[in-house]
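Here is a friendly walk through one model, written for someone who likes to know the cut-offs behind the words. Please keep the viewer open while you read.

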Amino acid sequence: MLPHMLENKEIFACPGCGGDLQLSDSSITCGGCSHTFPVEHGIPLLFWPNEWEAGKTDVTHEIKAFYEENPFPNYDGFERVGDLVQKAEKSGFARMLNEQIPFNVRVLEAGCGTGQLSNYLGVAHRVVFGTDICLNSLRLAQQFKEKNDLNRVGFYQMNLFRPIFKPESFSLVICNGVLHHTSDPFSGFQSLAKLVKKGGYILIGLYNRYGRLVTDLRRLIFRIFSDRFKFLDPRLRGKDIGDLKKTIWFMDQYKNPSESKHTMGEVLRWFGEAGFDFVNGIPKLTAFSRFAEKEKLFRQNPPGSRLDHFLVQTGMIFSGSKEGGLFVMIGRKKS
Ligand SMILES: C[S@@+](CC[C@H](N)C(=O)[O-])C[C@H]1O[C@@H](n2cnc3c(N)ncnc32)[C@H](O)[C@@H]1O
């Protein structure tokens with residue numbers, strides 16, 4: 001039985017042809033093209049490969065293989081929902097999201113990894129869909145969900161370029177730390193943007209071209225000195241995460257087979273082209289503006305000027321290195 005999928009049956013679509021999906025206990029069949037998708041350990045395997053023109057680079061399989069070996073960010077031994085809540089609340093970002101996403105809405109996390117955020121957001125009364133290409137990550141996510149009876153969360157294997165949902169199905173789509181590991185981040189963004197309802201939100205986290213410079217430098221040092229001097233990374237010398245998480249962090253940050261870097265101006269253009277208004281950013285897009293402790297994440301802020309972006313992004317060289325130079329931007333789909 002797939003209760004989460006059954007309860008939300010109307011929003012699913014075949015990733016191959018867009019047809020309606022028919023569910024049985026052990027498999028899912030498309031009513032349009034008759035393709036059958038298996039279900040493993042309660043996870044519908046709805047991955048569909050990219051069908052890009054010949055010659056276009058596609059890192060999907062390479063990235064999938066990497067994360068199958070290194071499921072990110074992993075659970076580090078904690079098993080109970082109380083531990084998850086405690087950890088998530090330490091990170092102001094997850095806590096703010098949880099406090100500010102309304103109840104009774106559908107939220108999609110594309111590239112959920114091991115599903116901490118999806119599981120955490122599903123503790124409260126909202127319906128969450130955690131999706132990823134990596135089956136080992138999804139298995140860890142599903143195990144945690146099952147152990148803690150988080151029935152409002154469902155995990156699905158999905159390639160974000162070939163969505164398994166109908167357009168305009170979600171009030172919020174989250175895609176944090178994912179698109180920069182694909183061959184075509186902008187078309188990945190466009191694919192996800194279609195899934196947002198009018199008036200709904202998209203939240204994108206990407207490596208910043210400037211903010212990532214310190215990580216790039218450390219990567220070079222690690223390469224030259226055969227992975228010695230790991231203490232140069234603040235997370236690796238910190239005491240707040242265990243050895244497993246440190247190893248996974250090291251692999252994700254320094255041994256990843258594919259990553260790209262982006263700028264605030266670029267994402268503003270993506271928003272414009274896909275019909276989104278800029279709402280908020282972490283860090284803020286205007287220079288000298290601080291992110292408040294009680295920040296309203298979904299309240300509209302000015303998008304800043306080129307000079308603002310330059311100042312904020314060069315500031316990230318010094319301030320953003322613990323997070324690997326990640327920046328987040330939130331947009332709202334025009335009604
Ligand atoms: C750095 S992890 C981020 C995980 C999670 N969002 C987080 O912030 O902890 C990147 C994730 O993106 C997933 N991913 C990469 N390409 C993808 C694609 N085409 N479709 C879906 N997920 C993808 C990887 O499998 C991996 O789990």
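## The four-stranded sheet

Strand 2 and strand 3 run antiparallel and are joined by three bridges. Before going further, note that this is a predicted model: local features need pLDDT of at least 70, side-chain atom pairs count only at pLDDT 80 or more, and totals for chains, interfaces and linings use all residues. Residues are numbered from 1 along each chain as its sequence is written. Helices (H or I, at least four residues) and strands (E, at least two) are DSSP runs, numbered from the N terminus, and two strands pair if DSSP finds at least two bridges between them.

In the strand 2 and strand 3 pairing, Ser-27 sits opposite Pro-38. The two strands make a hairpin with five residues between them, and Ser-34 in the turn has a positive phi of about 65 degrees. Strand 2 (residues 27–30) also runs antiparallel to strand 1, with three bridges joining them; here Ile-28 is the bridge partner of Leu-23. On the other hand, strand 3 is joined to strand 4 by two bridges, again antiparallel, with Glu-40 opposite Ile-43. That hairpin has two residues between its strands, and His-41 in the turn has a positive phi of about 50 degrees.

Put together, the four strands form an open sheet in the order 1-2-3-4. Its edge strands, strand 1 (21–23) and strand 4 (43–44), each pair on one side only.

Which residues of strand 3 are buried? Phe-37 and Val-39 are, and they point to one face, while Thr-36, Pro-38 and Glu-40 point to the other and are not buried. A residue is buried if 20 or more other C-beta atoms lie within 10 Å of its own, exposed if 12 or fewer, and partly exposed in between, with C-beta atoms placed from the backbone. In a regular strand the side chains alternate between the two faces of the sheet.

## Helix 11

Helix 11 (residues 264–274) has Met-264, Val-267, Trp-270 and Phe-271 buried. These four cover an arc of only 115 degrees around the axis, so they are on the same side of helix 11; the arc is that of the directions from the helix axis to the C-beta atoms. On the other side of helix 11, Arg-269 and Glu-273 are exposed. After helix 11 comes Gly-275, with a positive phi near 80 degrees.

## Backbone points to check

Most residues other than glycine have a negative phi, and most peptide bonds are trans. The table collects some exceptions.

| Site | Value |
|---|---|
| Phe-72 to Pro-73, cis peptide bond | omega near -5 degrees |
| Ile-282 to Pro-283, cis peptide bond | omega about -5 degrees |
| Asn-104, not a glycine | positive phi of about 60 degrees |
| Asp-149, not a glycine | positive phi of about 50 degrees |

Pro-73 lies in the loop between helix 2 and helix 3 (81–90), and Pro-283 in the loop between strand 10 and helix 12. Asn-104 is in the loop between helix 4 (92–100) and strand 5 (106–110); Asn-104 counts as exposed because it has 10 C-beta neighbours inside 10 Å. Asp-149 is in the loop between helix 6 (135–147) and strand 7 (153–157), and with 8 other C-beta atoms within 10 Å Asp-149 is exposed.
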